[in-house]
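These are my notebook entries from a session of looking things up in one structure. I put the ligand shell at the start, then turned to helix packing, the core and a loop.

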Amino acid sequence: MSTLEEKQNDNKQPEVEIDEVTNVKLIGGHEFDGIRELENPLPPWLKYLFYATIVFSAAYLILLFVFKDDSIIQDLEYQKEMAEARGELEKEAPEEGVEAVAVVRTEEDILASGEKTFTKICAVCHGKFGEGLVGPNFTDEYWIHGGSREDQYKIIINGVIEKGMISYKNQLSETQIQDVISYIHSLKGTNPPNPKAPEGEKYVPEEKPEAEKNTTENAVDA
Ligand code: HEC
């Protein structure tokens, strides 16, 4: 036998060797200071997960450096969204069947959204027209907890548990809360039938000319 053949045989033999203690195959040729390595393959799910990360990273690198995709590069994404917010970019055409999200919401949008929330949730206690029922009247100028948007925001977020109004923090989005507040404000002076008697203090808005329309009325009032 030549030395070359011997070597090949040597290499071949350990491949089928089985470890006595664990009954696991030993890897041929992996030996150092008498320590051998067992052949313990990774579980398939882990192996494929690993391959998947390689594929993902390749796709990511291509998008990042070749196509310079602005949904991956934060700076570009930011600039694009800022431009969109300023109305400099034309909104991409909405996909079929998907309603376009309005960037600029008109007064009507806000009030319509507020009315929806009000009718669905608040009307049972505050009256269909905000005239008051269990809860106070929203159409007069009197408020128990203050008449500013901040006051109402606090009430909606915290509720008035002891009087039966729960917190709507988790039920309503930030926008819905702001919209329903706008809607409540729009009810002022609407004189609905069967109004509940005023409760609380008369609210006179502070100087905020752009926010409230009928501040002049208050000024005339004696
Ligand atoms: C289960 C009945 C109930 C529901 C539903 C309810 N409220 Fe109330 N709400 C009350 C009561 C009762 C009060 C009076 C609390 C008090 O006397 O301190 C109140 C007070 C308020 C106040 C303060 C009024 C003031 O005079 O200062 C605001 C604002 C308000 N509610 C908004 C809402 C909004 C918005 C919704 C719907 C998202 C809503 N409420 C749903 C019962 C309810």
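How many nonpolar, polar and charged residues does the shell around the ligand have? I was working with a predicted model, and in it I found 14 nonpolar, 7 polar and 2 charged residues in that shell.

**Entry: the ligand shell.** I looked up which residues surround the ligand and found 23 of them, with Cys 122, Cys 125, Gly 135, His 145 and Met 165 as the closest. I then asked which helices supply at least two residues of the shell, and noted helix 4, spanning 107-126, together with helix 5, spanning 149-158. Helix 4 gives the largest share of the shell, with 6 residues.

**Entry: the whole chain.** Before going further into the packing I recorded the overall layout, which has 7 helices and 4 strands. Their order along the sequence reads α-β-β-α-α-α-β-α-α-β-α. The chain has 222 residues, and I noted that 12% of them count as buried. Among contacts with a separation of 6 or more, 52% join residues that are 24 or more positions apart.

**Entry: helix 4 against helix 6.** A pair of packed helices is described by the angle between their axes and by the distance between those axes. For helix 4 and helix 6, the latter covering residues 174-186, I read an angle of about 90° and a distance of 7 Å between the axes. Angles of 65 to 115 degrees count as roughly perpendicular, and helix 4 and helix 6 are therefore placed in that class. I listed the residues that meet: on the side of helix 4 they are Ile 110, Leu 111, Ser 113, Gly 114, Glu 115, Thr 117, Phe 118 and Cys 122, while on the side of helix 6 they are Gln 176, Asp 179, Val 180, Ser 182, Tyr 183 and Ser 186. By class, this contact has 6 nonpolar, 6 polar and 2 charged residues.

**Entry: the core.** Which residues form the largest nonpolar core? I found 10 residues in it, namely Phe 118, Cys 122, Phe 138, Ile 156, Ile 177, Val 180, Ile 181, Tyr 183, Ile 184 and Leu 187. The elements giving two or more residues to this core are helix 4 and helix 6, and the largest share, 5 residues, comes from helix 6. I also noted that Cys 122 appears in this core, among the residues closest to the ligand and in the contact of helix 4 with helix 6. For Leu 187, leaving aside residues up to four places away in sequence, I found that it touches Gly 130, Phe 138 and Thr 139.

**Entry: two asparagines in a loop.** Most residues other than glycine have a negative phi, and I looked for exceptions. Asn 191 has a positive phi of about 45°, and Asn 194 has a positive phi near 50°. Asn 191 lies in the loop between helix 6 and strand 4, the strand being 201-202, and Asn 194 is likewise in the loop between helix 6 and strand 4.

Is Asn 191 buried or exposed? Asn 191 counts as exposed because it has 10 C-beta neighbours inside 10 Å, and Asn 194 is also exposed, with 11 other C-beta atoms within 10 Å. Finally I checked Asn 191 against Gly 130: these residues are 61 apart in sequence, yet their C-alpha atoms are 9.6 Å apart in space.

Terms used:
Residues are numbered from 1 along each chain as its sequence is written. This is a predicted model: local features need pLDDT of at least 70, side-chain atom pairs count only at pLDDT 80 or more; totals for chains, interfaces and linings use all residues. A residue is near a molecule or strand if its C-beta atom, placed from the backbone, lies within 6 Å of it. Ala, Val, Leu, Ile, Met, Phe, Trp, Tyr, Cys and Pro count as nonpolar, Asp, Glu, Lys and Arg as charged, and the others, Gly among them, as polar. Axes are lines fitted to C-alpha atoms, for helices over the stretch in contact, and angles run from 0 to 180 degrees between N-to-C directions. Angles under 35 degrees count as roughly parallel, over 145 as roughly antiparallel, 65 to 115 as roughly perpendicular and the rest as oblique. Two residues are in contact if their C-beta atoms, placed from the backbone, lie within 7 Å. A nonpolar core is a set of buried Ala, Val, Leu, Ile, Met, Phe, Trp, Tyr and Cys residues joined through C-beta atoms within 7 Å. A residue is buried if 20 or more other C-beta atoms lie within 10 Å of its own, exposed if 12 or fewer, and partly exposed in between; C-beta atoms are placed from the backbone.
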